[in-house]
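User: Got a model open here and I'd like to talk through some of the helix packing. Can you help me out?
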Amino acid sequence: MIAKALLLTIIIPLFSGVIMFFLPEKLRRIKESLLVFSSLASLLLAIFLFQQKLTFTLPWISPGLELSFRLYQFSSFMLLATAFFGFFIALYSVVFMRGRNFLSQFYGYFLLAIAFSNGVFLSDNLLVLFFFWEAFLLLLFGMIAVGNKEAFKTATKAFIIVGITDLCMMLGIALTGHLSGTMAISRMNLPLNNGVTNLAFILLMIGAISKGGAMPFHSWIPDAATDAPLPFMSFVPAALEKLLGIYFLTRISLDMFQMTTKSGVSILLMTVGAITIILAVLMALIQKDYKRLLSYHAVSQVGYMILGIGTAVPAGIVGGLFHMINNALYKSGLFLSAGSVEKQVGTTNLEKLGGLAKKMPVTFTCFLITAVAISGVWPFNGFFSKELVYEGAIERGWIFYFIAVLGSFFTAASFLKLGHAAFLGKLSPENAKTKEACFSMLIPMIVIALVCLIFGVFNQLPLNHLIQPILGIRLAGHNFSGFPASIWMVVVTFAVLFLAVANHLFGVKIKGSGLHALDHIRYAPFMAKIYDLAEKRFFDPYNWGLGIVNIISRISLGIDKAVNWLSDGLSVWLANGLSLGIRRLHTGNYSIYLAWSLVGMLVIFGVLVIL
Amino acid sequence: MFLDLLSLILLVSAALWTVMTRSLLRSAIGLALTSAVLTVIMFKMEANLAAVFELSVCAGLIPVLFVSVVSLTQPYTHQEILERMKSMFARFRLLPVILIGVGLILVLLGPHSQVQLPLPESGENTRFILWHLRQLDLLGQVIILLGGVFGVAVLFKERKKSA
Amino acid sequence: MSALLILVPFFSVLILNLPLKGIRKLAFGGAICLSLLQMAAVFIPDAAFWKINPHAFGSIFSFELSADSLSKVILFCIGLVSFSALFATRQTLKDSAGRFNFINIILIAVAGMNGVALAQDIFSLYIYLEITAISSFILIAFNRDILGLEGAFKYILLSGVATVLMLAGIALFMLIAGSTSFAVIHAVLLNHNKDFLISLGIGLFIVALFIKSGLMPFHGWLPDAYTAAPAAASVLLAGVVTKIAGVYVLIRILVSVISFSPAIKSILLLVGALSAILAAIAALTQSDFKRMLSYSSISQVGYIILGVGSGSVLGIAGAALHIFNHAAFKSLLFLNSAAVECQLGSRDIEEMGGLAKQMPVTSLTSIIGSLSCAGIPPLAGFWSKLVIVIALWMAGFRAYAVIAVLGSILTLTYFLILQRKVFFGKPNAEFKDIKEAGFSLTFPALILAALIIGAGIFTPFILNRFILSFNSIFGG
């Protein structure tokens, strides 16, 4: 009986999502209550199932492909996190989405997203997991597409990027299933000792980090930030996708494959993580839009998680996972604050914002908490998870640690700029009548900000009960809760934060405004050119891909024309020529016909005599 | 002996008539007569089966008539026909020589058969052969004659009318 | 009893020509009845009816005739095609006296073809081939126009060559075996294969039959003869006469007398492939409706010969099936050409266009016939081509199997060209007032089309039984 409750976690949001599509646009209240209550039901169910161990198997088409679900420590934690964000963001979007189009679609997709990510977290069969994974891709497309006019293009971009990486993942799944002889995740344990298993790992990894939004698969996220509805940004790229991607990355590197510090893929993961951290945060520095700036941080923060898990040492993995949940918290909190600003002011362009702290004090407070959390300020949650990641990174090499700390510096700098530009400084006259957001939009922000604080101050709570049990014996008796073990690293962190503040004050002094506080980096001699190119999307792999596709399509067109010419031109010409030639041979002269017969006869006699 | 001589003279004169006459109908009759006389001679020489076949082939040769009919549909004058024959003779005069040469070469140099040929058949009763062994052929020949009659009826008679 | 198949048409001709009043009017109905009876007779299951049965009628009419599955297929085709041809005479021949003669000659041809199908003696076979050939000459030249006479003349000439070669072959076989019966010659040939004389005899026979079937490069007479012949004669010739005179006799001689050797197989495959491809290519640019169909006939006979050349039971079964299918669709297409020619007075497909609206029945049936010829499932032609290709593949002649498939594509191509130019495309203003052809051309066309569809749909069910029955050919 209780095992079937597992299915409910998928079925409840699935059904209410499907029903949502068929509700007429006029029944707004009913739709809103359906959204809120079914996400509440999911939350309650997740709390009820928390920390339980259950399996549910339904024999299906063949023994290799069975509908098997498994609830254990990690997945129950992920279920709870999903339901938590689902409920609060649903509450938020009910207000935020008022007066917009495509409500049915957005709410329906929202609920289906909960259903499908629950499916991913519970699946114990790679094929079933992949089914939910792909279904989530469709939702991604749908949720972005209901945004503004440009959204369809962005949705296509996201669909293509994630679709291609999912294709890699599909190959990886096939290869993994072949190598391990089973599709059941809990029965896999492959050593990474040869090229084929490494290839399988990398293929699966591409799927995972692409879902997480790491470079070079990130480029749709900043576009979606401006085009898609905001609750989507807060829910999917900020929270759910990180949960899904990092969950799967953890599963493949901890359970399905035996990744150790000696594995080549560990270096690969750390490199991807480090590059993502630094490049994305550099892009975040120069953004002039609230949401777009946040979206680059959504990319950058994923780098920390990948770096942490990639270290393959307990501290790093614990740090990566802790950072995953922390990031989900403060990043969705930040997006929600952006949403409040957008809803109340009507824009998220930083040029037009400023001085909102007095008008929207609650929003500002929530923003402040989440911003210091993301910057890694003691005693907020981001500080503790980052310290753990640093600890893992320095065990593997000082360069990773250096990059991670540098990333922190820029993160702090860009949030100083954002906070300064949006909430401090001069209030523009147009925004003089701005009011605080309404209660049901504030509640989610407040709750999230509180959780950020709690996870920081009482970090034993999440670390001991949520995260460290996931590692099981790999933890090797360590306990990472409490204040960081290495004091000098904490000192470095504080120093970096101090430098960031100093840098900000320096920038403000030069340029005179918070918005332009980082312009000295933007227009530094060497950086300026690179930034110019980046703003022209020169570094967007999607654009490279489009260029390559363009070339390929031109080549294909050429080949197609050539084939057409062969089939429609040359072969017709040949056939007609041959046909006319044969026709011309038939002169009607019977002596010629007789001569043919004679030749034929001689040939036949020849064959008969020789053979 | 007298009968043999008579039939031989009849055969030769019938064959000559067939070739020399200008009338197609007479030529056809001459051909049939030649064939009939040849059959009689074969019977006399006790080659009964060969005789029966000769009769059959003769019936089969009726299509030759149609060849002539069709070839005469092109209105050539006597002079033209002579000229054509001359040119054809000029073109094909070497053909018999070549054919005989090739045949000789083949006989002298070509492969030789190892087949044990069966003995010639003993003289069976002609009536028996006709009615019991080749009955089907006889029927076939009758049908060919019937077909020939229709051919003449369709192609000759109406030709006169239209001409 | 099977002798009735020869005797009844023969006596019908005799009776019809008795000087009785009004008997000439019975000619058409009687001949139609005969063709229907022949088709029905094929389904008589009684073995005694078909086996060699001397002295059954007392001393007269005790022929050595026998029929196996192959003969029965052919006999059915003869009935079917003569039925169609007889109907075609009603509209294409206006003169009633001429029509009466025509029907008589068709009956003689049927008697001859039945004799060919039933003969068990190499010389009787020759005699009945000659009956068929003579009646064909007359049919081709029937209208006495210059083209018809030319076509008939070419046919006679090449057929005469074939006759000479065949007679020489018969003479050689008789020299070797001392008899003309299939069984005796077969036994003798088995004892000495690879002898020079035997090879010569086989070669003469095969070449003669290639000429009669009109295979490339022995086909010179065929397009002229088919094109020039009156419509009804074309139906009969293309549908069944050349298939009997050439292909059936070839199969019969190969199975019952000569038996397959690698050399014979390679000759058959070479000639079959050559005909199937070159004739199909030649058909591409023909502008005369009937001439295109003639080349298509050569190409399809090439197919049949490919099936035979595989040398397996399956291949021969496929060939027999294709003979039947060819009889159905080629008669149908020649009927369509007759309908078009009758209504338009022209055979030039370049002038036509958009006739589908004015002649819906003709257009529809011709599409069915064309598609069956091109081997489009589920029509009948698909199955026989499939069986042939499978037989070739299984016998190890993979290249020929591929050629056969390619030939099918070419077939489809020229039929699409034909359809586009005749029934679709831009209508010619000159033929604005054209109407559908009369009942006597559309009725047999509809029946044949229905037969093609029906045979196509039911082929999978009867195929197994059909092919199984072909095992007995080799046994007998």
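User: Which residues of α10(A) meet α11(A)?
Analyst: Keep in mind this is a predicted model. On the α10(A) side, the list includes A:S266, A:L269, A:M270, A:V272 and A:G273. Among their partners in α11(A) are A:L293, A:Y296, A:H297 and A:V299.
User: How many charged residues are in that contact of α10(A) with α11(A)?
Analyst: There are no charged residues in it; by class it has 17 nonpolar and 7 polar ones.
User: And at what angle do those two helices pack?
Analyst: About 160°, with the axes of α10(A) (residues 264–285) and α11(A) (residues 290–310) 7 Å apart. Angles over 145 degrees count as roughly antiparallel, so that is what α10(A) is to α11(A).
User: Left-handed or right-handed crossing?
Analyst: α10(A) passes α11(A) in a left-handed crossing.
User: Switching chains: why is α10 of chain C largely enclosed?
Analyst: Because 8 of the 8 residues in that helix, residues 221–228, are buried, the rest of the structure largely encloses it. C:W221, C:P223, C:D224 and C:Y226 are among those buried residues.
User: What do they pack against?
Analyst: From chain A, it's α23 (590–610). Chain C itself contributes α6 (122–140), α7 (146–177), α11 (231–258) and α13 (289–309).
User: Back to chain A, how many helices and strands?
Analyst: Chain A has 23 helices and 4 strands. Of its 611 residues, 51% count as buried.

Key: Residues numbered from 1 in each chain as written. Chains lettered and ligands numbered in written order. Predicted model: local features only at pLDDT ≥ 70, side-chain atom pairs only at ≥ 80, totals over all residues. Buried ≥ 20, exposed ≤ 12 C-beta atoms within 10 Å, placed from the backbone. Contact = placed C-beta atoms within 7 Å. Axes fitted to C-alpha atoms, helices over the stretch in contact; angles between N-to-C directions. Parallel < 35°, antiparallel > 145°, perpendicular 65-115°, else oblique. Left-handed = near helix turned anticlockwise from the far one by under 90°. Nonpolar A, V, L, I, M, F, W, Y, C, P; charged D, E, K, R; others polar.
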